[in-house]
Amino acid sequence: MPARPKAFEFPFSGVAMGCDYNPEQWDPDVWREDVALMREARVGFVTLGVFSWALLEPTEDEYDFAWFDEVLGLLHEGGIAVDLATATASPPPWLTKAHPEILPVDAEGRTLWPGSRQSWCPSSPVFREHALQLVGEMARRYGSHPAVRMWHVSNELGCHIVRCYCDESAAAFRRWLTGRYGAIANLNEAWGTAFWSQRYSSFDEVLPPRLTPSFSNPTHELDFSRFSSEALLDYYRAERTVLRTLTPDLPVTTNLMVNPRQSGQDYFRWAPELDLVAQDHYLDARLPRPRAEQAFSDDLTRGVAGGKPWMLMESATSAVNWQPVNPAKKPGELLLDSLRHVARGADTVGFFQWRASKAGAEKYHSALVPHAGPDSARFREVAALGDALLKIGEVAGSPVEADVALLVDWESWWACDLGSHPSCQVRAMDAALRWHRAVTELGATADVVHPSADLSGYRLVVVPTLYLCTDAAAEALEAYVRGGGHVLVTYFSGIVDERDHVRLGGYPGAFRELLGVRTEEFAPLRAGETVTLDDGSTADVWTEVLEARDAEVIARYTDGPLPGTPALTRRAVGDGVAWYLATWLDDDATAALAERLTREAGVSRLDAPQPGLEVVRRGRYLFVLNRGDQAATVPARGTDLLSGDVLDGEVEVAAGTAAVVRTED
Ligand code: GAL
């Protein structure tokens, strides 16, 4: 289906605060209190009905909309706009009982039974038929309701079921492969089935990559990842078709999970199908630096959205409940975490959920109204956030300015993280995160974009472990450098083509000429093994037998398996510069190299960065977020929208606080 010709206005004004609202858990008198409290907290929108199927259609073809009508009416009276879910996220028990064939199956052949949520196979025609019928009912009944501003298809498609291996999915996979390859000979060539006796004589013989005795064919795996992303997208399109037919004036989206922890869907392919990009982000306390990961995810979401503002649909006011230990947010963190999303392009700040459940699987997940009720520090902090977002409403629509681009690609991610590689310590997103953080800590801003993005506006492009790379992307990078761009390529990049076939003649195949280097063999390091470079820095994970054929050697190993071998090279190309980093530098050495690269490339950044200080510019607005433990002073002239202070040259931001400056220059 072609992308929608219509361009939609952002459905909410200012920077609206919102939340998932699951009123079916509460008595109607609570709904009235809810709306009053929402007004008090300045809630601008709610997402309604995400998990309401079992109550909206209690038995097959019999609907109970009365309670939903009442809720929508109350919200409308209260001036709260609605992002209306199609209510199809989780099938009701009557449906899974009547049609157990809709249940998903994992790679080991185990059925994922009902009893939690979202137990359905994306390729199931039976599920689709029932879901689309409900979508039609919802659209006919509520499509012209004055509170409803947009459609929210399903919920986090692929959150629990990214890949289904059932027989229905197997048949859909074969149809998809037939469309991709046309003839089985083409599949055999692409998958390299001459090896290990895997040659297929017809598409009928192909299965999903179910549990196998040893490594399954990597291109088979890669294609199954492509197919699985596409199967979910196809399901999204099916709901969207119903909605567009019945309510052509309402924008349609679904909430994505753009982050470096979940590789399920290729969101660069998804975004053009959404009328606006909506994103859910939860801090993961298991990570060493959860907020650096948040900043990366935000910048990637903006990349997915093609630079346009996006909706933060869900986040948490405090703790989640799905990690082994779920830390609460400290006072002040809610504001800073929310402003971080806005600084990086979000035009809404949404949360899961309005009122903390008293029963059910998410009863210990934070909410806007906690178990303690509105007389609580958390609710007061939420209301203060609502006020702050009102104050900065004029920021909405402003573009984020970035001098640096980081190239990432889901296909490369899928291929890189497969097994049977030189080192399981090389993970696609690790280098992207590390380089993003290094650049961010200097007070620069990076767009995280697809390799096919227009690079011409960037001063520095980082290519972090872009394992799989097309010829077109390699050519575009070379043209960018020749035209004056600065690029850093890190190890295990450009190794294979889009079929996951090694580019022969020496690594890193796609970038060998551009970088002026050639590697004959990889020499990965064992876990815990480190090497030292002649500039004093240390590194681990990776080394390789690198020859600098036409490049200046900036640093060499002094020990490890390859003493004297180049680790970091630099080559002047046309009007630009191409760097190659063949190892995993430690944090300090990464920071030092980022400092040098950003200076040489003329990247806009802070002269005096300090720990915990983030600075991002959105058009004429400067966000200064200080989560460090020292006050920070940043050059700025204008008005701080949060404090109202007029700034005559600099803004001082106390530790743990923020400023959003409407600048005059
Ligand atoms: C999201 C989901 C919400 C809620 C939330 C909890 O993945 O969309 O329904 O479960 O996580 O963090």
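Let me start with one pair of residues: alanine 539 has leucine 585, in β21, as its bridge partner. Keep in mind that this is a predicted model.

That bridge belongs to a pairing between β21 and strand β16, residues 538–540, which runs antiparallel over 2 bridges. Stepping back to the sheet, there are 3 strands, ordered β15-β16-β21, and the sheet is open with antiparallel pairing. Which strands lie at the edges? They are β15, residues 530–532, and β21, residues 584–585, each of which pairs on one side only.

Now the ligand. The space it takes is the largest pocket. Around the ligand we find Phe51, Arg117, Asn155, Glu156, Asp280, Tyr282, Glu314, Trp322, Phe352, Glu362 and His365. Sorted by class, that shell has 5 charged, 4 nonpolar and 2 polar residues.

Three members of the shell deserve a distance each. For glutamate 156, a side-chain N or O atom is 2.3 Å from an oxygen atom of the ligand. For histidine 365, the separation between a polar side-chain atom and a ligand oxygen is 2.7 Å. For arginine 117, a polar side-chain atom is 3.0 Å from an oxygen atom of the ligand.

How much of the ligand does the protein bury? Taken alone, the ligand exposes 310 Å², and 95% of that is buried by the protein.

To go back over the two parts: β16 sits between β15 and β21 in the strand order, and the ligand takes up the space of the largest pocket.

Methods. Residues numbered from 1 in each chain as written. Predicted model: local features only at pLDDT ≥ 70, side-chain atom pairs only at ≥ 80, totals over all residues. Heavy atoms only, no water. Near = heavy atom within 4 Å. Polar contact = N/O pair within 3.5 Å; in protein donor to acceptor, adjacent residues only side chain to side chain. Areas by Shrake-Rupley, 256 points an atom, 1.4 Å probe, with all protein chains shown as cover. 1 Å grid on protein atoms, 1.4 Å probe; cavity = no way out; pocket = protein on both sides within 12 Å on 5 of 7 lines; lining within 4 Å. Sits in = over half its atoms within 2 Å of the grid points. Nonpolar A, V, L, I, M, F, W, Y, C, P; charged D, E, K, R; others polar. Pairing = 2+ DSSP bridges. Helix = DSSP H or I, 4+ residues; strand = E, 2+ residues; numbered from the N terminus.
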